[in-house]
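Trainee: Could you take one part of this model and go through it closely, with its surroundings, so that I can follow the description against the coordinates?

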Amino acid sequence: EANPIGLGDFATKDGYLSCLTTPSVLGIDVSYWQGYIDWQQVKSAGVEFAMIRAAWRGSEEGVLATDDYVYTNYTGAVNAGIKVGAYIFSQAISVEEAIEEANYLLDIIKDWSVEMPVVFDWEYVSATSRTGKVDARTLTDCAKAFCETIAAAGYEPMIYFGVDQSFNGIHLEELTDYKFWLAQYN
């Protein structure tokens, strides 16, 4: 089914993007890159949820790592009354690596109160990175494996992608059992 929501259905208010035709909730995406966050100030600004980067896989050597601020961000958000979800910055090049990433993420959030989705965030880095030659078939299979693993653990899975990737790099029609997080940077 075609997406009934178009670009004209969005507006920016107070620096945040909102959907005008369906209910929307204000949320933020946080990681090590934001540094220390005053979560009470975030709550006062009207933010209702935070998607927290819990882990990442290196694009060159493929090593999994935990985000340096993950526990600080989780504790701060929850103490401020903000709902949380989690994601991994994936650089999986096989189904086995996608499952490994899901399990790594699940280990981090096992004691969390997660009210938002748990997300597979695979992004193209460069042609020379270890993921530079990952094709749409492989990426789709990785996304499915990740989501199946997350769902089997009792969480709601989600798939993150950018506009270009949605047209050229992943078979979204095979992933409609899961929610999508579309990154629209402009």
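Mentor: What follows is a close look at one helix, α2, and at what surrounds it. Please keep in mind throughout that this is a predicted model.

The approach to the helix is a good place to begin, since Asp 68 sits in the loop that runs between β5, residues 64–66, and α2, residues 70–79. Asp 68 counts as exposed because its relative accessible area is 63%, and the cut-off for that class is over 50%. Although Asp 68 and Trp 33 are separated by 35 residues in sequence, their C-alpha atoms are 9.5 Å apart in space.

Within the helix itself, the buried residues of α2 are Val 70, Asn 73, Tyr 74, Gly 76 and Ala 77. Their cover is drawn from several elements, including β3 (27–30), α1, β4, β5, β6 and α3. Asn 73, which belongs to α2, deserves a separate word: its relative accessible area is 1%, and it is therefore classed as buried, for which the limit is under 20%. Leaving aside residues up to four places away in sequence, Asn 73 is in contact with Val 30, Ser 31, Ile 37, Trp 39 and Ile 52. Just past the end of α2, Gly 81 adopts a positive phi of about 80°.

The helix also has a part in the wider packing. Among the 44 residues of the largest nonpolar core, those that touch the most other members are Trp 39, Ile 109, Trp 112, Phe 120, Phe 146 and Ile 159. At least two residues of this core come from each of α1 (39–44), β4 (49–57), α2, β6 (83–90), α3 (95–109), β7 (118–122), α4 (136–152) and β8 (157–162), while the largest share, seven residues, is that of α4. As a general background, nonpolar side chains in soluble globular proteins tend to be buried together.

Trp 112 links this account back to the helix: again without residues up to four places away in sequence, Trp 112 touches Val 70, Tyr 71 and Tyr 74, as well as Ile 52, Val 84 and Ala 86. Of these, Val 70 and Tyr 74 are among the buried residues of α2, and Ile 52 is also one of the contacts of Asn 73. Trp 39, likewise, is both a contact of Asn 73 and one of the core residues that touch the most other members.

Methods: Residues numbered from 1 in each chain as written. Predicted model: local features only at pLDDT ≥ 70, side-chain atom pairs only at ≥ 80, totals over all residues. Heavy atoms only, no water. Helix = DSSP H or I, 4+ residues; strand = E, 2+ residues; numbered from the N terminus. Buried < 20%, exposed > 50% of the residue type's maximum accessible area, 1.4 Å probe, protein only. Contact = heavy atoms within 4.5 Å. Core = buried A, V, L, I, M, F, W, Y, C linked by side-chain atoms within 4.5 Å.
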